[in-house]
Amino acid sequence: MSSSCRTLTRAERESRRVLGEQAAASGLGLRELTAAHLAAARRAWPHLPGVVGARDTAELRQVGSAVLGALESGIAALAEGHDRAQRHAVHKAEADRRAFVDDLLYGRSDPGRIAEQAERYGLRLADRHLVAVSAAPEGEVYDARHPLLQRVERELAGRFGDHDALIAPKDGRLVCVTPTTQRAVLDAFVRLTSTHRVAVSRPHSGAPGVVRSYEEALSALDLAERLGMTASVLNAADLVVFPVLLRDRAAMADLIRSVLGPLTQARGGAEPLLETIRAYAAVGYVNAEAARHLDLSVRALSYRLERITALTGFDPDDALQRYTLETAALGARLMDWPAKPL
């Protein structure tokens, strides 16, 4: 370069990029790499043919400009290659993490292999774990670049330092897998992500237990959506009765038809009377509270209760019969009856 004063060729620049990639792969930082090349250029400067043979200051200045231009181009290519390798490493780490999260939550890999991979992410799957799943507000999707994920990771790291929780986006939601020994981490995750709705599973052990916990949390979110629940934090332990109710769908459909079917004969259809049963149960069968909840007078509520009894043969004020009505009404909501035929 000092003799010909030419610029670097495309092949020479690509060789510098490859060298930058190799340096990144070996763990050499860009600052150290740049410093080493500048130091080598400084050492070589007095011995360059163009410098040694320079006849005057103007020629030396021309040689220096060419060498510095080549050095600038070479270092830029080194940095480009180094950055390229770093981006590749980041993308590969993200892909590996996504694949691990998929395998962990869906149980699609050998448990032994999953347990081995989990160690890299701070999880010891022999322990009992809880899973929390946070649903995004309507129109939003939680992904790896969502500000909420970055805020959660930053605040948990700041408050708890090194912790064994795995925080990851999955199917548009945020998932937190935490050992039961670090319940405070999970509680902080719930607090930070409960702006819309978050569900917490029961604790289970091992890799299959994580899958089960994840499914419980998803089921809780689904039930809350179907039942119109307004709570922002759902505990799967509080909702275990609902899967039991739906385990025998044929029996539940028969209960709905036999108990609530006659409500379809009412003027206005079954829905107003169904809503009356649900509201009455929700306030502990207190007439005044139920009437306020439904925006009715107490007299109008009493008329509805009389119609329910007359049509179904079940009295909401009878302890045993009210349980049958309430169970049938819950089943109707879960099965979206009467909007959908049984």
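**Strand pairing, helix crossings and local backbone features**

With a relative accessibility of 69%, D295 counts as exposed, because the cut-off for that class is over 50%. D295 is found in the loop between α12 and α13 (298-312). Its backbone also deserves a look in this predicted model: phi of D295 is near 60 degrees, a positive value in a residue other than glycine. D171 offers another case, with phi near 55 degrees, again positive in a residue other than glycine. That residue, D171, sits in the loop between β2 (166-170) and β3 (173-179). A further backbone feature concerns the peptide bond from W337 to P338, which is cis, with omega near 10 degrees. P338 belongs to the segment after α14.

Attention turns next to the strands, beginning with β4. Strand β4 spans residues 197-200, and both of its faces are covered. In a regular strand, side chains alternate between the two faces of the sheet. In β4, R197 and A199 lie on one side and V198 and V200 on the other, and all of these residues are buried. Strand β4 has pairing partners in β1 and β6. With strand β1 (residues 128-135), β4 runs antiparallel, and 4 bridges join the two. In this pairing, S134 stands opposite V198 of β4. With strand β6 (residues 233-235), β4 pairs in the parallel sense, over 3 bridges. Here V200 of β4 stands opposite N235 of β6. V198 and V200, which share one side of β4, thus each appear in a pairing: V198 faces S134, and V200 faces N235.

The helix packing can be followed through α14, which meets both α10 and α11. Helix α10 (residues 249-260) and helix α14 (residues 319-334) have axes that come within 9 Å and cross at roughly 120 degrees. That angle makes α10 oblique to α14, because it lies outside the ranges for roughly parallel, perpendicular and antiparallel pairs. The crossing of α10 past α14 is left-handed. On the α10 side, the contact is made by M252, L255, I256, V259 and L260, and on the α14 side by T324, L325, T327, A328, A329, G331 and A332. Sorted by class, the contact of α10 with α14 holds 9 nonpolar, 3 polar and no charged residues.

Helix α11 also packs on α14, at an angle of about 120 degrees and with the axes 10 Å apart. This makes α11 oblique to α14. The crossing of α11 past α14 is left-handed. The residues that meet are L274, E275, I277, R278 and A281 in α11 and L325, E326, A329, A332 and R333 in α14. The contact of α11 with α14 comprises 6 nonpolar, no polar and 4 charged residues. Read alongside the α10 contact, the lists show L325, A329 and A332 of α14 in both: these residues meet α10 and also α11.

Helix α11 (residues 271-282) has a further neighbour in helix α12 (residues 287-294), where the axes come within 9 Å and cross at roughly 130 degrees. Accordingly, α11 is oblique to α12. In this case the crossing is right-handed. E275, T276, A279 and Y280 in α11 meet N287, A290, H293 and L294 in α12. The residues of the contact of α11 with α12 divide into 4 nonpolar, 3 polar and 1 charged. E275 of α11 takes part in this contact with α12 as well as in the contact with α14.

Finally, L246 and L68 illustrate what accessibility and distance along the chain look like for individual leucines. L246 lies in helix α9 (residues 241-247). At 14% relative accessibility, L246 counts as buried, because the cut-off is under 20%. Leaving aside residues up to four places away in sequence, L246 touches R226, L334 and M335. The C-alpha atoms of L246 and G331 are separated by 7.5 Å, although the residues are 85 apart along the chain. G331 is also one of the α14 residues in the contact with α10. L68, by contrast, is exposed, with a relative accessible area of 58%. L68 lies in helix α4 (residues 57-106). From C-alpha to C-alpha, L68 and D315 are 94 Å apart in space, with their positions 247 residues apart in sequence.

Notes
Residues numbered from 1 in each chain as written. Predicted model: local features only at pLDDT ≥ 70, side-chain atom pairs only at ≥ 80, totals over all residues. Heavy atoms only, no water. Buried < 20%, exposed > 50% of the residue type's maximum accessible area, 1.4 Å probe, protein only. Pairing = 2+ DSSP bridges. Axes fitted to C-alpha atoms, helices over the stretch in contact; angles between N-to-C directions. Parallel < 35°, antiparallel > 145°, perpendicular 65-115°, else oblique. Left-handed = near helix turned anticlockwise from the far one by under 90°. Contact = heavy atoms within 4.5 Å. Nonpolar A, V, L, I, M, F, W, Y, C, P; charged D, E, K, R; others polar.
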